[in-house]
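User: I am new to this structure and would like a close look at a single part of it. Please start at one small place and work outward in one connected account, explaining the reasoning where you can.

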Amino acid sequence: MAELSQKNYEFKIVLLGASPAPPPARAARENPRRAGDRGVGKTCLVLRFIEGLYNSRRSTIGAFFLTKKIVTAQGDACKIQIWDTAGQERFRAMAPMYYRNAAAAIVCFDVTDESTFNTMKDWVEELKTNVVDKNLVIAIACNKADLDTRQVSRARAEQFARSISAIVLDTSAKENFGVAELFAAVSEHVIKLRGQELCSTPGAPRGGGGGPGGRGLSLAARAAGFRDDQQSASSCSNC
């Protein structure tokens, strides 16, 4: 039974970030593995955080969402709805549907690909332009930081983050570092800025899994050892 002093929060986080451009045909022939390695790792981050799993072969088509319950360092309970959006350019026009009403946006890039760093900046500019709520928390995930082919230094990412007052962390879904810390930092910052607005009464959850595309994946009880029914909010495929 939760203590009466414990506060309960519900909010939405959206992950954004475009896939790098496909390599030239010749480069793909010479390095077939690179031809299929197109994502910045948003889905991998979500699945690592929610399920504790790493799956580099899964990519998002359209969008889907998962839910997870965490407890902050202050002892407050958070029910987070995490939206993972497709990185392919043809889905970009759909993005405003998914970041609408979000309390936070995690903008991801691949530290081994300079072009994704520039695209990450474009996403931030879009958020600054289109999101009316000035309390939107922005975090930058410097993903695939375990690789030794890094093109974008941590110092450059931190400099940009300071310029927009954003959270920034190195992450690796594969090696499982920085992932839980990223979502914890975002959640605590959301509570700091919007806690009163997002606080819900224990036993009376707010919202209904809202968002375009319908129902999400309910994985909240998994950390407690329970099994949930899993349902997709949109299309997701293995590639």
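**From one loop to the strand beside it**

Analyst: Gly75 is found in the loop between β3 and β4. What follows describes a predicted model. With a relative accessibility of 29%, Gly75 counts as partly exposed, because buried means under 20% and exposed over 50%. The C-alpha atom of Gly75 is separated by 6.6 Å from that of Gln6, although these two residues are 69 apart along the chain.

From this loop we can turn to β1, which covers residues 8-16, and which is mostly covered, since nine of its nine residues are buried. Asn8, Glu10, Lys12, Val14 and Leu16 point one way from this strand, while Tyr9, Phe11, Ile13 and Leu15 point the other way.

The partners of β1 can be taken in turn. With β4, β1 pairs in the parallel sense over eight bridges, and within that pairing Tyr9 has Cys78 of β4 as its bridge partner. With strand β8 (residues 199-200), β1 pairs in the antiparallel sense over two bridges, and here the bridge partner of Tyr9 is Cys199. With β5, β1 runs parallel and is joined by four bridges, Val14 standing opposite Ala105 of β5.

Two of the residues just named are cysteines, which raises the matter of disulfides, and the structure holds zero of them. For Cys199, the closest cysteine sulfur is that of Cys78, and the 9.8 Å between the two sulfur atoms is too far for a bond, because a disulfide needs them within 2.5 Å. Cys199 itself is partly exposed, with a relative accessible area of 33%. Cys142, in contrast, counts as buried at 0% relative accessibility, and its sulfur is 9.5 Å from the closest cysteine sulfur, in Cys108, which is again too far for a bond.

The side chains of β1 also lead into the interior. In soluble globular proteins, nonpolar side chains tend to be buried together. In this model, the largest nonpolar core has 34 residues, of which Phe11, Ile13, Ile106 and Val186 touch the most other members. The elements that give two or more residues to this core include β1, β3 (63-71), β4 (77-85) and β5 (104-110), and α7 gives the most, with seven residues. Leaving aside its neighbours within four places in sequence, Phe11 is in contact with eight residues, namely Cys78, Lys79, Ile80, Gln81, Ala103, Ser187, Val190 and Leu198. A second, separate core of 29 residues includes Val14 and Leu16, together with Phe65 and Tyr99.

β1 is also among the elements that cover the buried residues of helix α5, along with α4 (95-99), β5, β6 and α6. Those buried residues of α5 are Thr116, Phe117, Thr119, Met120, Trp123, Val124, Glu126 and Leu127. The length of α5 (residues 114-130) can be checked as well: at 1.5 Å a residue its 17 residues should span 24 Å, which agrees with the 25 Å between its end C-alpha atoms.

Of the elements covering α5, β6 (residues 137-143) is joined by four bridges to β7, and the two strands run parallel. One of these pairings sets Ala141 against its bridge partner Leu169 in β7. Between the two strands the chain passes through helix α6 (residues 154-164), and this β-α-β crossover is right-handed.

Conventions: Residues numbered from 1 in each chain as written. Predicted model: local features only at pLDDT ≥ 70, side-chain atom pairs only at ≥ 80, totals over all residues. Heavy atoms only, no water. Pairing = 2+ DSSP bridges. Right-handed = clockwise from strand over helix to strand, strands pointing away. Core = buried A, V, L, I, M, F, W, Y, C linked by side-chain atoms within 4.5 Å. Buried < 20%, exposed > 50% of the residue type's maximum accessible area, 1.4 Å probe, protein only. Contact = heavy atoms within 4.5 Å. Expected span 1.5 Å × (residues − 1).
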